[in-house]
Structure formats: C-alpha cells, structure tokens
Amino acid sequence: MNATLTFLGSGTSMGVPTLGCTCAVCTDAHRPGSPNRRTRPSVMISFNGHTVLIDTGQDFHAQAVRENINAIDAVLYTHGHADHILGMDDLRPLSFRLPEGLPLFADDATALIIERVFEYTFRKVDRYPTSARVNIHRTSTDAGTVIPLFGADFIRIPVQHGKQIIAGYRVGGLAYLTDASAIPDESLPLLQGLDILVLDALRREPHPTHMNLANALATVEKIAPQRAFFTHISHDLDHESTNASLPSNIRLAHDGLKLEFDIATT
Ligand SMILES: [Zn+2]
Ligand SMILES: [Zn+2]
Ligand SMILES: [Zn+2]
C-alpha cells in the first residue's frame with residue numbers, strides 16, 4: 001500500500017530562525033520559502049484515506065494551515081518535550097468531528113506529561129467543555145510493540161535521547177527516529193530493509209541529547225536504508241551547502257517535503 005510522508009516541521013526545539021539570532025542561516029530563514037525556515041519537528045503519514053501524525057509541536061496550527069489538513073485519525077507521540085506535544089490543544093476542532101474522540105498513543109512517561117500540561121482536557125470532574133475530545137492509549141515501551149492503525153502496523157523503535165529512552169516508529173519501509181542521541185542495539189533488528197530512514201541531525205558540534213551530523217551519517221551507514229533524511233535541524237546547518245556535501249541518498253529534510261513509500265512491507 002502506497003503512503004505519503006509529509007514533513008510538517010524539520011527544525012529543532014527553538015525553531016529556525018532562532019529568536020534573537022542574526023547568523024546567515026537565520027537571516028536567510030526570514031525569506032519566504034527559504035528551506036532554512038524550520039518549524040518544530042513533526043510528520044504526517046497519509047495512506048488509504050487516513051492521516052496519522054507523529055507529534056504535535058508548538059507550530060502545529062501553522063503547519064496544518066500550510067498543508068491544508070482537514071482531518072486527523074490518530075496521533076503517535078515520541079516523548080513529552082515541549083517541541084513534540086505543545087500543539088495538542090490545536091487538535092480541538094479536528095477532534096470534535098470524531099464521535100469516539102481522537103486517539104492519541106503515548107507511553108506512560110509521555111502520557112503523564114500530556115495529562116499534566118493539558119489538565120483541563122483530561123479532568124474527570126469539571127472538564128473544560130470545549131477542550132479536545134481525545135483519548136490517550138498507553139503504549140508499552142517494549143521494542144517492537146505494534147500499534148495497528150487502519151491496516152498498517154506502527155512499530156515502536158526505542159531510541160536513546162540523552163539519558164532517556166523515547167519512542168521512534170517504523171511503519172512499512174519508513175522509520176522516523178527524531179530526538180536520538182544513539183540507537184540502542186535492541187532496535188537494530190527492527191530497522192532492517194528500510195526504504196526511508198528519518199534521523200535526528202542537530203548540528204556539527206556534538207550534543208548530549210541529539211546526534212550531530214557525523215553521528216547521523218555513521219548511523220545511516222550502519223542501518224543502510226535506501227534513503228535517509230535528517231530532521232530536528234538547528235541553524236548550524238545551511239540547507240543548500242550541507243546537502244551539497246552529503247552522499248546523494250542522504251538529504252536534509254525541509255518543511256513541506258513529501259516522500260512516497262510502501263507502508264505494508266513489514
Ligand atoms: Zn525535540
Ligand atoms: Zn542563527
Ligand atoms: Zn526531546
């Protein structure tokens with residue numbers, strides 16, 4: 001089954017342009033249409049008339065307007081950091097259309113943060129009447145846990161994010177591994193035979209909780225997908241010149257990038 005991956009956002013937690021910064025990349029990012037303009041990281045997977053999001057960051061509203069998103073069927077969360085969850089409230093109008101509510105999938109640690117941040121949404125008594133009609137489904141943290149959605153199997157891929165283990169996801173020929181400082185060995189067998197690997201590549205300098213460009217390139221070599229796209233990118237990496245330096249099957253993602261893949265190859 002054919003599916004489309006859309007990068008809603010390809011930027012790091014601070015976004016690009018980074019507020020207060022006047023570097024060349026941030027300056028270029030003010031230009032409308034610049035590939036250096038990077039909103040907070042999130043992707044949309046569309047297949048068989050259904051739409052699944054991975055994460056909803058602070059920029060979700062603007063991303064949904066840009067991509068003309070009119071319906072969402074489920075959201076998978078990677079972890080509870082602001083740049084991955086703070087757009088949850090913007091799901092409200094989309095959730096009202098679903099009689100059963102919109103399913104959100106998150107592990108315990110992430111679900112607890114979402115429930116704390118949006119406490120008025122999940123309150124049993126005196127719930128705010130027009131808050132998002134969402135249901136959190138707690139997912140296991142076990143490597144390889146399958147979340148079946150609309151005929152596709154979303155598989156949990158544990159990813160190291162500094163001292164934390166968070167969720168990456170594989171579906172068919174695609175794996176989305178954002179906020180990764182390393183890929184644990186137990187995840188490697190789940191990443192064989194990939195068409196598209198989406199991986200965190202923050203900047204050139206090392207970072208305690210994210211891969212830098214050199215780590216990301218070494219990880220692509222180890223996992224050996226057909227194609228790799230880097231995301232969660234800071235203002236350290238200029239789009240055009242960095243791409244020119246990369247092997248031809250590895251590219252920096254950019255906001256709005258769309259890729260086709262086979263969702264049912266596992
Ligand atoms: Zn992040
Ligand atoms: Zn900058
Ligand atoms: Zn994070």
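**Exercise 1.** In this predicted model, classify Glu67 as buried or exposed, and classify its salt-bridge partner Arg66 in the same way.

*Solution.* Begin with the cut-offs: buried means under 20% relative accessible area, exposed means over 50%, and partly exposed lies in between. Glu67 has a relative accessible area of 16%, so Glu67 is buried. Arg66 has 38%, so Arg66 counts as partly exposed. Next, the contact: the side chains of Arg66 and Glu67 form a salt bridge with an N to O distance of 3.1 Å.

**Exercise 2.** Which parts of the chain does the salt bridge between Arg156 and Asp107 tie together?

*Solution.* The closest N and O atoms of Arg156 and Asp107 are 3.0 Å apart. Arg156 lies in strand β8, and Asp107 lies in the loop between β5 (102-106) and α5 (108-117), so the salt bridge ties together parts that are 49 residues apart in sequence. Both Arg156 and Asp107 are buried. Arg156 also has a bridge partner in β9, namely Tyr169.

**Exercise 3.** Place strands β8 and β9 in their sheet and describe how they pair.

*Solution.* The sheet is open and has seven strands, in the order β7-β8-β9-β10-β11-β12-β13, with mixed pairing. Its edge strands are β7 (146-149) and β13 (250-252), each pairing on one side only. From one strand to the next, the twist averages 25 degrees. Within this order, β8 (residues 152-161) and β9 (residues 164-171) pair in the antiparallel sense over seven bridges. Helix α7 (residues 213-223) lies across β11, β12 (227-231) and β13, and runs at about 155 degrees to β11.

**Exercise 4.** List the protein donors of the zinc ion (ligand 1) and explain why its site is irregular.

*Solution.* The protein donors are Asp83 (OD), His84 (NE2), Asp179 (OD) and His232 (NE2), at 2.1 to 2.2 Å from the zinc ion (ligand 1). Their spacing along the chain is D-H-x94-D-x52-H. The angles among the four donor atoms run from 90 to 167 degrees. A tetrahedral site needs all angles between 85 and 135 degrees, so the value of 167 degrees rules out that class. The site is irregular.

**Exercise 5.** Which donor bridges two zinc ions?

*Solution.* Asp179 bridges the zinc ion (ligand 1) and the zinc ion (ligand 3), which lie 3.5 Å apart. Asp179 is in the loop between β10 (174-177) and β11 (196-200), whereas Asp83 is in helix α3 (residues 82-85), 96 residues apart. Asp179 is buried at 2% relative accessible area, and Asp83 is buried at 5%.

Conventions:
Residues are numbered from 1 along each chain as its sequence is written. Chains are lettered from A and ligands numbered from 1 in the order in which they are written. This is a predicted model: local features need pLDDT of at least 70, side-chain atom pairs count only at pLDDT 80 or more; totals for chains, interfaces and linings use all residues. Side-chain values use heavy atoms; hydrogens and water are left out. Donors are N, O and S atoms within 2.8 Å of the metal (3.2 Å for Na, K and Ca); water is not among the atoms, so sites may look incomplete. Four donors count as tetrahedral if all angles lie between 85 and 135 degrees; four count as square planar and six as octahedral if opposite donors are over 155 degrees apart and all others between 65 and 115; anything else is irregular. Helices (H or I, at least four residues) and strands (E, at least two) are DSSP runs, numbered from the N terminus. Buried means under 20% relative accessible area, exposed over 50%, partly exposed in between (1.4 Å probe, protein chains only). Two strands pair if DSSP finds at least two bridges between them. Axes are lines fitted to C-alpha atoms, for helices over the stretch in contact, and angles run from 0 to 180 degrees between N-to-C directions. Contact means heavy atoms within 4.5 Å. A salt bridge is a side-chain nitrogen of Lys or Arg within 4 Å of a carboxyl oxygen of Asp or Glu.
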